[in-house]
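I opened this notebook to record what I looked up in the structure and what I found. The entries run from the whole chain to a single pair of side chains.

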Amino acid sequence: MAPPSADARRDASERQKTLTKPAGSLGRIEDLGEWIAACQDASPPRPLTRPRVVVFAGDHGVAAHGVSAYPAEVTGQMVANFLAGGAAVNALSAVAGASVRVVDISVDSETDPSVSAHKVRRSSGSIDREDALTSDDVLAAIDAGRAIADEEVDSGADLLVAGDMGIGNTTPATALIATLTDTEPVAAVGRGTGVDDAGWMRKTAAIRDAMRRARPVVKDPVALLRVAGGADIAAMAGFVAQAAHRRTPVILDGLVVTAAALVAEESARGAREWWVAGHRSTEPAHSIALRHLRIEPLLELDMRLGEGSGALVALPLIHAAIATLSQMSTFADAGVSTEAASED
């Protein structure tokens with residue numbers, strides 16, 4: 001995977017030193033500006049004109065076994081809510097200057113034809129007792145994610161966000177992360193949508209069983225998605241990898257998207273250079289995955305919604321990083337002295 005431009009990053013870093021501020025005084029905003037300049041191969045970087053969120057929706061058979069606080073029907077209902085503009089991702093995208101697309105990859109119900117063109121199947125299998133997908137399904141899901149990334153980039157998207165919607169999806173996401181990082185289930189399992197203690201124990205047991213089934217294929221990212229992932233997660237993995245291939249920056253959201261990114265990095269080494277993490281979820285497995293990817297999140301706000309919400313809250317930071325790097329005056333232009341004050 002070709003990395004972002006080292007020359008543009010270096011030029012941006014040098015430009016930072018000439019701007020009317022003490023060196024390093026904008027902290028990680030400066031690092032973020034240099035990253036987006038490298039992704040664009042332009043210093044100073046250009047303002048973003050079409051940030052785009054794609055919410056990948058899919059159901060998971062494991063939800064039928066008491067691992068979520070909500071019934072599976074909510075997935076299809078929330079797809080309709082996205083289309084009506086009533087979800088958190090809709091409200092946050094308007095504030096952040098992004099637009100939203102929802103795609104039904106594996107919702108276990110009929111959805112509007114406008115979102116189901118890439119649908120692979122109805123629900124993924126219950127990973128604690130069966131494979132999530134067939135061999136054909138996992139390849140179709142990865143291809144769907146890649147095609148969606150191509151559609152968005154070809155339509156002018158200059159930054160992408162992957163969001164997730166699926167009751168029970170934190171269970172396969174956690175199983176994937178724990179398997180790839182060799183983490184014990186009890187150290188990785190969170191409360192997801194808010195399960196009680198009994199639900200947490202059922203979820204932990206399901207992840208333990210899924211990990212036992214997944215370990216023989218841990219070195220094969222596609223097989224791992226087939227056994228212990230799901231169609232929506234496989235599509236997100238294809239999406240974030242293809243975005244990197246198309247030299248398009250991505251803000252990762254929470255646990256489920258980062259699980260997909262972790263698998264994508266296993267098969268497309270270097271893709272992570274094109275990603276930043278919008279926030280750190282309260283889910284323990286999210287921190288484990290970010291540490292494995294060596295990506296430090298931009299925000300820590302105790303969020304755990306998904307949908308792309310955490311990434312959208314972080315998006316204004318990228319706007320700010322671009323604005324400061326491209327719009328601030330240099331010391332020379334502003335006639336501001338760069339000499340340190342002398343002592344008498």
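How much area does the protein expose, and what share of it do carbon and sulfur atoms supply? I read an exposed area of about 13,900 Å², with carbon and sulfur atoms supplying 50% of it. I note that the model is predicted.

Entry on overall form. I looked up the secondary structure and found 14 helices and 5 strands. Along the principal axes, the C-alpha atoms fill a box of roughly 75 × 45 × 35 Å. I then checked the radius of gyration: a compact globule of 344 residues would have a value near 20 Å, and the 21 Å of the protein agrees with this.

Entry on packing. Of the 344 residues, 57% are buried. Among contacts with a separation of 6 or more, I found that 76% join residues 24 or more positions apart.

Entry on charge. I counted 32 positive and 45 negative side chains. The centres of the two sets lie 4 Å apart.

Entry on aromatic pairs. I searched the whole structure and obtained 1 aromatic pair. The ring centres of Phe56 and Phe239 are 5.1 Å apart and their planes meet at 70°, so I recorded the pair as edge-to-face. Phe56 belongs to strand 1 (residues 51-58) and Phe239 to helix 10 (residues 231-245); with their positions 183 residues apart, the pair links distant parts of the chain. I also looked up the burial of each partner. Phe56 has a relative accessible area of 0% and is therefore buried. Phe239 likewise counts as buried, at 0% relative accessibility.

Methods:
Residues numbered from 1 in each chain as written. Predicted model: local features only at pLDDT ≥ 70, side-chain atom pairs only at ≥ 80, totals over all residues. Heavy atoms only, no water. Phe/Tyr/Trp six-rings, centres within 6.5 Å; stacked < 30°, edge-to-face > 60°. Helix = DSSP H or I, 4+ residues; strand = E, 2+ residues; numbered from the N terminus. Buried < 20%, exposed > 50% of the residue type's maximum accessible area, 1.4 Å probe, protein only. Rg over C-alpha atoms; globule rule 2.2 N^0.38 Å. Contact = heavy atoms within 4.5 Å. Areas by Shrake-Rupley, 256 points an atom, 1.4 Å probe, with all protein chains shown as cover. Lys, Arg positive; Asp, Glu negative; His and termini not counted. Charge placed at Lys NZ, Arg CZ, Asp CG, Glu CD.
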